[in-house]
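Here are some friendly notes to read alongside the model. They are set out as numbered points, so feel free to take them in any order.

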Amino acid sequence: MRTALRTRPLATAAGGRGAAPGRRPLGRAVAGAVLAAATLFTTAPRALADTSPSPSASQDEEAEAGPAEAGTAFRTAARLAQGQRGTASASTGDYLYWVFPADTGQRPTIEATVSLPAEQARQGASTWRIDVYDGLRRRQPCTYGHQERRAAEDASEVRLTCTLRTVRAFAEPWAHDPLPGAYYIRLTVSRLAADDLGRPFRAEVGVESQETGGSTAVGGKLSGPLLPGISALPAASDEETADEDGEAQAPRPAALAAPEDGWSSGWWTDRWLWTAGGAVLAALAGIFGYTLTRGSGRPHRVPPGV
């Protein structure tokens, strides 16, 4: 009986019911084709989306790239935001200018990299220097960094750094302290062989700032940041118009962009936290001193009228 039961399914499979097993592979094939088509249509757009560049990413890269040119004077300085990298190609002996905003409580650090031509094209060593001026065009000293460096004849690049003092909200006229507003960067070669004058070079400049907090805050403040007129470069220079006499008009000045958080004009600093903390500690110290010096009161042996 056990042998007959095991062989009956085999007989029916080979008999009249053989059509049913034949449909199962066909149904599975159709289902597999539908599933593959659905997978193709659902995954293909994702692959295309992954390979195509993101517009927002490209815009962020362009924003961080900074200007590709530099000015040759204060009025034509190229505008540079903090966190950007400005580049320029010029000839040895030219003065390159950039301008960036710095607000109260910031300690800017300027980094510059000068890429020099091949050593076969140079006749001797050179000395490069960066100088920083505030909105009143007063030269600001560097607290530390390599403001001036000498490049050997076979050097391929020179790196310069300059960290300014902390920008103050208010200062006396005689103090020459850095104030909020525009700051100009000037890059040039200070010592150079006469035969190397006019040779091409490439410069890259970047600015980063460190927030110092209320440790450097002062009581007063300026009514507004020091932002003198700045010429738009290169758009304004390309759109110069001629007046009735045929003379070219000067490029119109453009305002320097404010920092991301805006110019600081509020009264709040973290010094208020230190002031409040000091007041609380002084009150606790007074209460503790009173409990130590008040004693246990009038002795019970002393009459009340005494």
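1. A word on exposure comes before the rest: a residue is called buried when its relative accessible area is under 20%, exposed when it is over 50%, and partly exposed in between. Please also keep in mind that this is a predicted model. Arg199 is a handy first case: its relative accessible area is 23%, so it belongs to the partly exposed class. Its salt-bridge partner is Asp196, with 3.1 Å from N to O. Asp196 has a relative accessible area of 2%, which means that this acidic partner is buried.

2. Two further salt bridges are worth a look. Asp177 and Arg168 meet through their side chains at 3.4 Å, N to O. Here Asp177 is buried, at 16% relative accessible area, while Arg168 is partly exposed at 27%. The side chains of Arg85 and Glu204 also form a salt bridge, at 3.3 Å from N to O. That pair links distant parts of the chain, since Arg85 sits in strand S2 and Glu204 in strand S10, 119 residues apart. Both ends are partly exposed: Arg85 has a relative accessible area of 29% and Glu204 has 32%.

3. How many salt bridges does the structure hold? The count is 11. Some of them share partners, and in this way Arg129, Asp131, Arg139, Glu148 and Arg186 are joined into one network. As general background, side chains of opposite charge can pair when their charged atoms come close.

4. Gln147 makes a good viewpoint on part of that network. You will find Gln147 in the loop between strand S6 (139-140) and strand S7 (148-151). With 16% relative accessibility, Gln147 counts as buried. Setting aside neighbours within four places in sequence, the contacts of Gln147 include Arg129, Asp131 and Arg139. Trp128, Ile130, Cys142, Leu160 and Thr161 are also among the residues that Gln147 touches under that condition.

5. Cys142, one of those contacts of Gln147, takes part in a disulfide with Cys162. The two sulfur atoms are 1.8 Å apart, and a search of the whole structure finds 1 disulfide. What is the handedness of the disulfide of Cys142 and Cys162? The torsion about the S-S bond is about -95°, so the disulfide is left-handed. Cys142 lies in the loop between S6 and S7 and Cys162 in strand S8, so that the pair links parts of the chain 20 residues apart. Cys162 counts as buried, at 0% relative accessibility.

6. Next come the nonpolar cores. The largest one has 31 residues, and Leu96, Trp98, Ile110, Trp128 and Leu187 are the members that touch the most others. Two or more residues of this core come from each of strands S2 (85-91), S3 (96-102), S4 (106-115), S5 (126-133), S8 (157-163), S9 (181-192) and S10 (200-211). A second, separate core has 8 residues, among them Phe74, Val99, Tyr133 and Ala182. In soluble globular proteins, nonpolar side chains tend to be buried together.

7. Phe74 and Tyr133 lead on to the aromatic rings, where the count is 5 pairs. These two rings are edge-to-face, with 5.4 Å from centre to centre and 85° between the planes. Phe74 is in the loop between helix H3 (55-65) and strand S1 (78-79), Tyr133 is in strand S5, and the pair links these distant parts, 59 residues apart. Phe74 counts as buried at 17% relative accessibility, and Tyr133 is buried at 11% relative accessible area.

8. Phe74 has another ring partner in Tyr184: the centres are 5.1 Å apart and the planes are at 80°, so this pair is edge-to-face. Because Phe74 lies in the loop between H3 and S1 and Tyr184 in strand S9, the pair ties together parts that are 110 residues apart in sequence. Tyr184 is buried, as is Phe74. Which residues form one aromatic cluster? They are Phe74, Tyr97, Tyr133 and Tyr184.

Notes: Residues are numbered from 1 along each chain as its sequence is written. This is a predicted model: local features need pLDDT of at least 70, side-chain atom pairs count only at pLDDT 80 or more; totals for chains, interfaces and linings use all residues. Side-chain values use heavy atoms; hydrogens and water are left out. A nonpolar core is a set of buried Ala, Val, Leu, Ile, Met, Phe, Trp, Tyr and Cys residues joined through side-chain atoms within 4.5 Å. Buried means under 20% relative accessible area, exposed over 50%, partly exposed in between (1.4 Å probe, protein chains only). Helices (H or I, at least four residues) and strands (E, at least two) are DSSP runs, numbered from the N terminus. Rings of Phe, Tyr and Trp (its six-membered ring) pair if their centres lie within 6.5 Å; planes under 30 degrees apart count as stacked, over 60 as edge-to-face and the rest as tilted. Contact means heavy atoms within 4.5 Å. A disulfide is a pair of cysteine sulfur atoms within 2.5 Å. A salt bridge is a side-chain nitrogen of Lys or Arg within 4 Å of a carboxyl oxygen of Asp or Glu.
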